[in-house]
Amino acid sequence: MSNLTAIHPRHALFGAEKPVPMLPVCDHYAGVEERMHKSLKLQADMAADAGRPVFDVTLDLEDGAPVGGEHEHALLVAELVGSAANAHDRVGVRVHDYRHKRFEDDIDTLISRVGERLAYVMVPKLANVDDARGAIEAIRQARVRHNIGRALPVHGLIETHRAVQQVAEIAALPGLESLSFGLMDFVSEHRGAVPASAMSVQGQFSHPLIVRAKLEIAAACHAARITPSHCVVTEFKDTRALSQAAEKATRELGYTRMWSIHPDQVPVIIEAFAPVTAEVDDAIEILLAAQAAHWAPTAHRKVLHDRASYRHYWHVLERAWLTGQPLPAEIEQAFFS
């Protein structure tokens with residue numbers, strides 16, 4: 001294993017390219033106080049089992065706040081983000097949309113109190129590139145105003161026709177880390193021309209307009225080297241359907257992250273997004289051989305590999321680590337310590 005001290009795959013294979021964020025594959029949403037506490041405990045418990053956090057928690061100000069009590073809800077969320085329950089600093093917050101009257105108060109409340117501990121800020125309803133740019137700049141200004149030294153990643157939600165049309169421009173904006181697809185709002189924008197069945201676990205993978213939008217978002221994210229995050233499956237009790245949907249999202253549509261809206265969905269999504277054991281074993285063998293050859297072409301089981309396939313297998317190994325799969329101790333130490 002002496003070759004494990006050689007050049008790390010990230011440096012050997014990607015050089016000066018913009019690094020793709022290593023985000024957990026599952027993003028779990030909670031907005032009601034009791035559910036927020038339960039979500040943070042689940043995150044800590046699963047992190048203890050895996051040795052690292054395997055899903056993010058997004059605390060919700062948009063759908064979680066009671067009407068008239070938005071500021072108090074923001075204070076509660078800030079308290080949770082700053083508490084010991086946020087054991088790994090992998091908690092983000094969804095604020096109100098950029099055009100909403102509560103947006104400025106949301107970001108000021110959060111950043112002034114827990115800006116150093118927020119994993120990201122999710123901004124919903126990015127109607128166009130100008131809104132996205134404005135939201136990113138407002139968050140940057142709040143960070144500067146409150147002397148937060150670290151960059152604060154911004155996540156965005158694509159829910160409209162115009163946003164899908166401009167998604168490549170939006171994804172390329174500096175400061176964005178991830179884009180998600182807002183299925184239900186997007187269907188509603190069709191004014192009844194798309195049936196309600198397109199919001200179902202089957203329909204969202206078969207209706208051409210929905211599939212096209214998902215593909216546009218995923219492609220734009222990969223081109224901009226940010227993370228595409230797949231929308232919710234509302235049939236949260238049907239774990240078999242959820243598993244099939246998650247597998248389609250990652251293996252057919254290119255998504256590397258997915259929303260959860262119920263605790264039971266979290267392990268199902270993580271398992272679906274994880275590479276199978278045989279893929280991980282191949283990745284380890286191929287990457288170790290490549291590293292030993294100083295990243296020159298090698299052969300594995302009579303198949304030629306070079307830097308293009310090495311990049312693919314590095315992402316397989318990275319996904320295995322993100323989903324908490326057990327890896328040889330020397331591999332974890334060399335590649336992920």
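This briefing describes the overall dimensions, three helix pairs and four individual residues of one protein chain.

The model is predicted, and its protein chain carries 14 helices and ten strands. For a chain of 337 residues, a compact globule would be expected to have a radius of gyration near 20 Å, and the protein chain agrees with this because its own value is 20 Å. Of the contacts in the protein chain with a separation of 6 or more, 73% are between residues 24 or more positions apart.

**Overall dimensions and burial**

- Taken along the principal axes, the box filled by the C-alpha atoms of the protein chain is roughly 65 × 45 × 35 Å.
- Of the 337 residues in the protein chain, 54% are buried.

**Helices α2 and α3**

- Helix α2, residues 33–50, and helix α3, residues 70–81, have axes that come within 12 Å and cross at roughly 15°, and that angle makes α2 roughly parallel to α3, since angles under 35 degrees are classed in this way.
- The crossing in which α2 passes α3 is right-handed.
- On the α2 side the residues in contact are E33, M36, H37 and L40, and on the α3 side they are H73, L76, V77 and L80; sorted by class, this contact has five nonpolar, two polar and one charged residues.

**Helices α10 and α11**

- The axes of helix α10, which covers residues 239–251, and helix α11, which covers residues 265–273, come within 8 Å and cross at roughly 40°, and the two helices are therefore oblique to each other.
- As for handedness, α10 and α11 form a right-handed crossing.
- From α10, the residues T239, L242, S243, A246, E247, A249 and T250 take part in the contact, where they meet Q265, V268, I269, A272 and F273 of α11; by class, the contact of α10 with α11 has seven nonpolar, four polar and one charged residues.

**Helices α13 and α14, and the loop between them**

- Helix α13, residues 307–322, packs with helix α14, residues 329–336, at an angle of about 105°, and their axes are 12 Å apart; α13 and α14 are therefore roughly perpendicular to each other, because the class of that name runs from 65 to 115 degrees.
- W314, L317, E318 and W321 are the α13 residues that meet I331, E332, F335 and F336 in α14, and by class this contact has six nonpolar, no polar and two charged residues.
- G324 is placed in the loop between α13 and α14, and with a relative accessible area of 22% G324 is partly exposed.
- When neighbours within four places in sequence are left aside, the residues in contact with G324 are A50, R52 and V54; A50 falls within helix α2, which covers residues 33–50.
- Measured against the sequence, no such closeness is implied for P124: G324 and P124 are 200 residues apart in sequence, and their C-alpha atoms are 29 Å apart in space.

**H8 and the C-terminal helices**

- H8 belongs to the segment before α1, which covers 9–14, and H8 counts as buried because its relative accessibility is 16%, under the 20% cut-off.
- Setting aside its neighbours within four places in sequence, H8 is in contact with Q291, W314, A334 and F335; of these, W314 in α13 and F335 in α14 also take part in the contact between those two helices.
- H8 and F336 are 328 residues apart along the chain, yet their C-alpha atoms are separated by 9.9 Å, and F336 is one of the α14 residues in the contact with α13.

**Positive phi outside glycine**

- K125 has a phi near 50°, which is a positive value in a residue other than glycine, and K125 lies in the loop between β4 (121–123) and α5 (129–145).
- With a relative accessibility of 34%, K125 counts as partly exposed.
- K302 likewise has a positive phi, near 65°, in a residue other than glycine, and K302 is found in the loop that runs between β9 (298–300) and β10 (303–305).
- K302 counts as exposed because its relative accessibility is 86%, over the 50% cut-off.

Technical notes: Residues numbered from 1 in each chain as written. Predicted model: local features only at pLDDT ≥ 70, side-chain atom pairs only at ≥ 80, totals over all residues. Heavy atoms only, no water. Axes fitted to C-alpha atoms, helices over the stretch in contact; angles between N-to-C directions. Parallel < 35°, antiparallel > 145°, perpendicular 65-115°, else oblique. Left-handed = near helix turned anticlockwise from the far one by under 90°. Contact = heavy atoms within 4.5 Å. Nonpolar A, V, L, I, M, F, W, Y, C, P; charged D, E, K, R; others polar. Rg over C-alpha atoms; globule rule 2.2 N^0.38 Å. Buried < 20%, exposed > 50% of the residue type's maximum accessible area, 1.4 Å probe, protein only.
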